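Work through these exercises with the sequence and model open. Try each task before reading its solution.

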Amino acid sequence: MENRVALKYWTARAAATMAAYTRRELLQMALQGVLLTAGVFAASLGLKGFLLPNEFIDGGVTGIALMISQLTGLSLSALILIINIPFIVLGYYQLGRKFALKTLLTILALAGALLVVSFPPLTHDKLLIAVFGGFFLGAGMGLTMRGGGVLDGTEILAVYLSRKMPASIGDIVLIINIMIFGVAAWLLSIETALYSILAYLSAAKTVDFILVGIEEYTGLTIISFHSTEIRQLITDKLHRGATVYECTQGYGSHGHQHLKIEAVFTIITRLEVVNLTDEVRKIDPNAFVFTQSITDMKGGLIKKRALH
């Protein structure tokens, strides 16, 4: 009898766990779908409302498709899809079937939106076209990346090449785009290439902000004689990892000093910096605190960003 009761209990608990897991999965899928849709809409607005009517281009596959479309008159939608196909195949083998499927569906949606949806030219000022065309295109790319796909196959190629070459993903993307803008200057015009570079820079900064934004990881170093209390604050209250290392004071407000002191280092998001520094000041008003930007990080006990 007891065994039956226990079996029913654990069966019900397992069913509840599976239901909760399914709900989380469905919510995550719905959120990713919203991000991908918003990304397609923003990119379409940037292309058809700004760049395309004024014959500007961008970097990556989108820039190549825009340039070929201007020179040959071929459909931009078809070119974006065709040029991206080899990169989607590469993404399938390098990053997995799920990623490749999302990317394919997103690029198909972008091609369809460019074919069907109509945006009137929003401005004829070349500077505004470059800045805001790049902004909306970058917003579309960033939202798409947050949703788990990409709108441009250049990033997939850069990931693949970075594993084969002693160069970072950013370096490879930069080299590819320099080549694209060089060809644009030769085939189109130097002025078009220069405005297109401005659009690319605007798009790149927008992508960075959407992917990182106010949750950019920041390294915080705190040098204080109350290092134990500060470390406990970070680990027990904020639940973040901390590294403590010993150092020696060199020169301070009292001249040359050779006192042993501990420094506490932690990595938090930009949103948490003010809160943590305020708490540190309550423990030690004389603590020496400085921050530094963190470009890349793996492992450790850190706050996970909400979306990726």
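**Exercise 1.** Place serine 202 in its helix, decide whether serine 202 is buried or exposed, and list what serine 202 touches.

*Solution.*
- Serine 202 lies in helix 8, residues 190–211. Helices are DSSP runs (H or I, at least four residues), numbered from the N terminus.
- The relative accessible area of serine 202 is 14%, so serine 202 is buried (under 20%; exposed is over 50%, partly exposed in between, with a 1.4 Å probe and protein chains only).
- Leaving out residues up to four places away in sequence, serine 202 touches Ala130, Val131, Gly134 and Phe135 (heavy atoms within 4.5 Å).
- The serine 202 side chain reaches the backbone nitrogen of phenylalanine 135 at 3.2 Å.

This is a predicted model: local features need pLDDT of at least 70, side-chain atom pairs count only at pLDDT 80 or more, and totals for chains, interfaces and linings use all residues. Residues are numbered from 1 along each chain as its sequence is written, and side-chain values use heavy atoms, with hydrogens and water left out.

**Exercise 2.** Describe how helix 3 packs against helix 6.

*Solution.*
- The axes of helix 3 (residues 76–95) and helix 6 (residues 154–162) are 9 Å apart, at an angle of about 45°.
- That makes helix 3 oblique to helix 6 (angles under 35 degrees count as roughly parallel, over 145 as roughly antiparallel, 65 to 115 as roughly perpendicular and the rest as oblique).
- Helix 3 contributes Phe87, Leu90, Gly91, Gln94 and Leu95; helix 6 contributes Ile156, Leu157, Val159 and Tyr160.

Note on methods. Axes are lines fitted to C-alpha atoms, for helices over the stretch in contact, and angles run from 0 to 180 degrees between N-to-C directions. Helices (H or I, at least four residues) and strands (E, at least two) are DSSP runs, numbered from the N terminus. A polar contact is a pair of N or O atoms within 3.5 Å; within protein, one must be able to donate a hydrogen and the other to accept it, and residues adjacent in sequence count only if both atoms are side-chain atoms.
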